[in-house]
Amino acid sequence: MHPAKSRTGRNRADSRPPRPRRPSHPYRPFALWREVLTAYAAPALTAGTAGVITGQRDLAVAACTSIAGTSAVVAFLIGTWLRRGGRPRRWTTTVPRGVLTAVLATATVGAAGALGWFTAEWLPAHTPLPAAPWLERLRVDLPVSAALATTIVTLRWRGTAAASLA
């Protein structure tokens, strides 16, 4: 008997289960934990490295706190809102990708900017916390981080959502 043939005369390769097919889209499935981790790590590493190289200690500290923290929180909130229990809102999949991204980025930048301004003004005026340069950084760090995180998460989600709906 030939070693490649079984007793029934069929090839062993024919009896193996079929290999799983690769997805037809180039994106990995949207995983919220991966988006949040990336949203924290990317700005922490890039801004932190820039702070260390340029000798800006405040940037190196902000990279791991206000910049990366804001990015992670915004990525979580936007990703959770977009997924909405696994079923996206109809308009988020039908409106053009650029329009969806612009609308969500504008909303998060506005909210983060207002939070940064409020924190920088309100905390020193109403608490024993003195005005400090790191508080002033929040006016810029929060909206910029929110804009980047929202844009990246929305584009990634929309790319995977469109591929999975097709």
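## Nonpolar surface and core features of a predicted model

V140, V144, L148 and I152 form a nonpolar surface patch whose combined accessible area is about 370 Å². The structure described here is a predicted model. Within this patch, V144 is placed in helix α6, and its relative accessibility of 45% makes V144 count as partly exposed.

Helix α6 also has a part in the interior. The largest nonpolar core has 19 residues, of which F30, V74, I78, L82, L100, V153 and W157 touch the most other members. Two or more residues of this core are given by each of the elements α2 (32-54), α3 (57-83), α5 and α6 (133-165). The largest share, eight residues, comes from α6. In soluble globular proteins, nonpolar side chains tend to be buried together.

The surroundings of F30 can be given in detail. When residues up to four places away in sequence are not counted, F30 touches E35, G79, R83, V153, R156, W157 and T160. Apart from the largest core lies another one, of five residues, including A47, A62, A63 and I67.

One of the residues in this second core, A63, also features in a pair with L45. The two are 18 residues apart in sequence, and their C-alpha atoms are 7.5 Å apart in space. L45 is found in helix α2 and, at 59% relative accessibility, counts as exposed, since the threshold for that class is over 50%.

Aromatic pairing is a further feature of the model. The count comes to two aromatic pairs, taking ring centres within 6.5 Å as the criterion. The rings of F118 and W122 have centres 5.5 Å apart and planes at 15°, so this pair is stacked; the limit for stacking is under 30 degrees. F118 and W122 are four residues apart in helix α5 (residues 97-126), and therefore about one helical turn separates them. F118 counts as partly exposed because its relative accessibility is 41%, and W122, at 35%, likewise counts as partly exposed.

The accessibility values of the individual residues discussed above are listed here.

| Residue | Relative accessibility | Class |
|---|---|---|
| L45 | 59% | exposed |
| V144 | 45% | partly exposed |
| F118 | 41% | partly exposed |
| W122 | 35% | partly exposed |

Note on methods
Residues are numbered from 1 along each chain as its sequence is written. This is a predicted model: local features need pLDDT of at least 70, side-chain atom pairs count only at pLDDT 80 or more; totals for chains, interfaces and linings use all residues. Side-chain values use heavy atoms; hydrogens and water are left out. Rings of Phe, Tyr and Trp (its six-membered ring) pair if their centres lie within 6.5 Å; planes under 30 degrees apart count as stacked, over 60 as edge-to-face and the rest as tilted. Buried means under 20% relative accessible area, exposed over 50%, partly exposed in between (1.4 Å probe, protein chains only). A nonpolar core is a set of buried Ala, Val, Leu, Ile, Met, Phe, Trp, Tyr and Cys residues joined through side-chain atoms within 4.5 Å. Contact means heavy atoms within 4.5 Å. Patches are made of residues with over 30% relative accessible area and no salt bridge: like charges are joined within 9 Å, nonpolar side chains (Val, Leu, Ile, Met, Phe, Trp, Tyr) within 5 Å. Accessible areas come from the Shrake-Rupley method with a 1.4 Å probe; for residues, only the protein chains shown count as cover. A salt bridge is a side-chain nitrogen of Lys or Arg within 4 Å of a carboxyl oxygen of Asp or Glu.
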